[in-house]
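Thank you all for making time this morning. I would like to walk through one chain with you, going from the overall layout to a few individual side chains.

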Amino acid sequence: MASLRVNNSFSILNTEPKRSLFSATTRRSRRSSSVGLTVVAETMSTVKLGIKVDKNPPESRLSQLGVRNWPKWSCPPSKFPWTYSDKETCYLLEGKVKVTPDGSNESVEIGAGDLVEFPKGMSCTWDVSVAVDKHYNFS
């Protein structure tokens, strides 16, 4: 089975045996009903200011990490400084936050459904605009 990554966010799989992806794609332009192509959406990860964010990861990824077994933490809308003594991975169940690393004029916005990694040693300010409920894990 041939596979082709398009724009880092989709994979196109050729499900027709013994045919090249190119010929299947070419045939699609002529007879779209006879082509066996499947598009599979994947999680899009971004890294900004050292913070990695996966928007709406699939439940299989969360299960693989054991996220639902991690401790939970909550906080009301507020603004406070924070320093990560270890790498933290967290999954936001609810909330909206702007995280601004010390020394930066830019922020990273995270919210419900985001799987986020903060690097060890990062000092930042959390500006919580919508109350947060999250699972977290330090490593």
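Before anything else, let me fix one set of words, since I will lean on them throughout: a residue is called buried when its relative accessible area is under 20%, exposed when that area is over 50%, and partly exposed in between. With that in hand, glutamate 59, which has a relative accessibility of 42%, counts as partly exposed because its value falls between those two limits.

What you have in front of you is a predicted model, and I would ask you to keep that in mind for every distance and angle I quote. The pLDDT of the chain averages 80, and 69% of the residues score at least 70. Over residues 1-34, however, the pLDDT is below 50, although this stretch still has 62 contacts in the model beyond near neighbours in sequence.

Turning to the layout, the chain has two helices and 11 strands, and their order along the sequence reads β-β-α-β-β-β-α-β-β-β-β-β-β. Of the 139 residues in the chain, 32% are buried. If we take the contacts with a separation of 6 or more, 65% of them are between residues 24 or more positions apart. The accessible surface comes to about 8500 Å², and carbon and sulfur atoms account for 52% of that surface.

Let me now come to the charged pairs. In general, side chains of opposite charge can pair when their charged atoms come close. How many salt bridges does the structure hold? There are six, and I will go through some of them.

I begin with glutamate 59, which forms a salt bridge with arginine 68, the closest N and O atoms being 2.9 Å apart. Arginine 68, at 41% relative accessibility, is likewise classed as partly exposed.

Another salt bridge joins the side chains of lysine 55 and aspartate 114, with an N to O distance of 3.1 Å. Since lysine 55 belongs to strand 5 (residues 51-55) and aspartate 114 to strand 10 (residues 114-118), this pair ties together parts that are 59 residues apart in sequence. As for accessibility, lysine 55 is partly exposed with a relative accessible area of 43%, whereas aspartate 114 is buried, with a value of 3%.

Then there is the pair of glutamate 88 and lysine 134, whose closest N and O atoms are 2.6 Å apart. Glutamate 88 lies in strand 8 and lysine 134 in strand 11 (residues 123-138), so here the bridge links parts that are 46 residues apart in sequence. Are these two residues buried or exposed? Both glutamate 88 and lysine 134 are buried.

Strand 11 also holds aspartate 133, which is buried, with a relative accessible area of 15%. The side chain of aspartate 133 makes a polar contact of 3.3 Å with the side chain of lysine 72, and another, of 2.9 Å, with the side chain of serine 74. Outside its neighbours within four places in sequence, aspartate 133 is in contact with several residues, among them Trp73, Tyr91 and Glu94.

Going back to strand 8, which covers residues 88-101, we find threonine 100, and this residue is partly exposed at 22% relative accessibility. Its side chain joins that of serine 107 through a polar contact of 2.6 Å. Beyond neighbours within four places in sequence, the contacts of threonine 100 are with Glu106, Ser107, Cys124 and Thr125. With cysteine 124, the C-alpha atoms are separated by 5.3 Å, although the two residues are 24 positions apart along the chain.

On the subject of cysteines, the structure holds zero disulfides. Cysteine 75 is buried at 9% relative accessible area, and cysteine 90 is buried at 0%.

Finally, two backbone angles for those of you who look at torsions. Leucine 49, in the loop between strand 4 (45-48) and strand 5, has a phi near 55 degrees, which is a positive value in a residue other than glycine. Leucine 49 counts as partly exposed, at 31% relative accessibility. Asparagine 56, in the loop between strand 5 and helix 2 (59-65), also has a positive phi, near 45 degrees, and at 56% relative accessibility asparagine 56 counts as exposed.

Note on methods. Residues are numbered from 1 along each chain as its sequence is written. Side-chain values use heavy atoms; hydrogens and water are left out. pLDDT is the predictor's confidence in each residue, from 0 to 100. Contact means heavy atoms within 4.5 Å. Helices (H or I, at least four residues) and strands (E, at least two) are DSSP runs, numbered from the N terminus. Buried means under 20% relative accessible area, exposed over 50%, partly exposed in between (1.4 Å probe, protein chains only). A polar contact is a pair of N or O atoms within 3.5 Å; within protein, one must be able to donate a hydrogen and the other to accept it, and residues adjacent in sequence count only if both atoms are side-chain atoms. A salt bridge is a side-chain nitrogen of Lys or Arg within 4 Å of a carboxyl oxygen of Asp or Glu. Accessible areas come from the Shrake-Rupley method with a 1.4 Å probe; for residues, only the protein chains shown count as cover. A disulfide is a pair of cysteine sulfur atoms within 2.5 Å.
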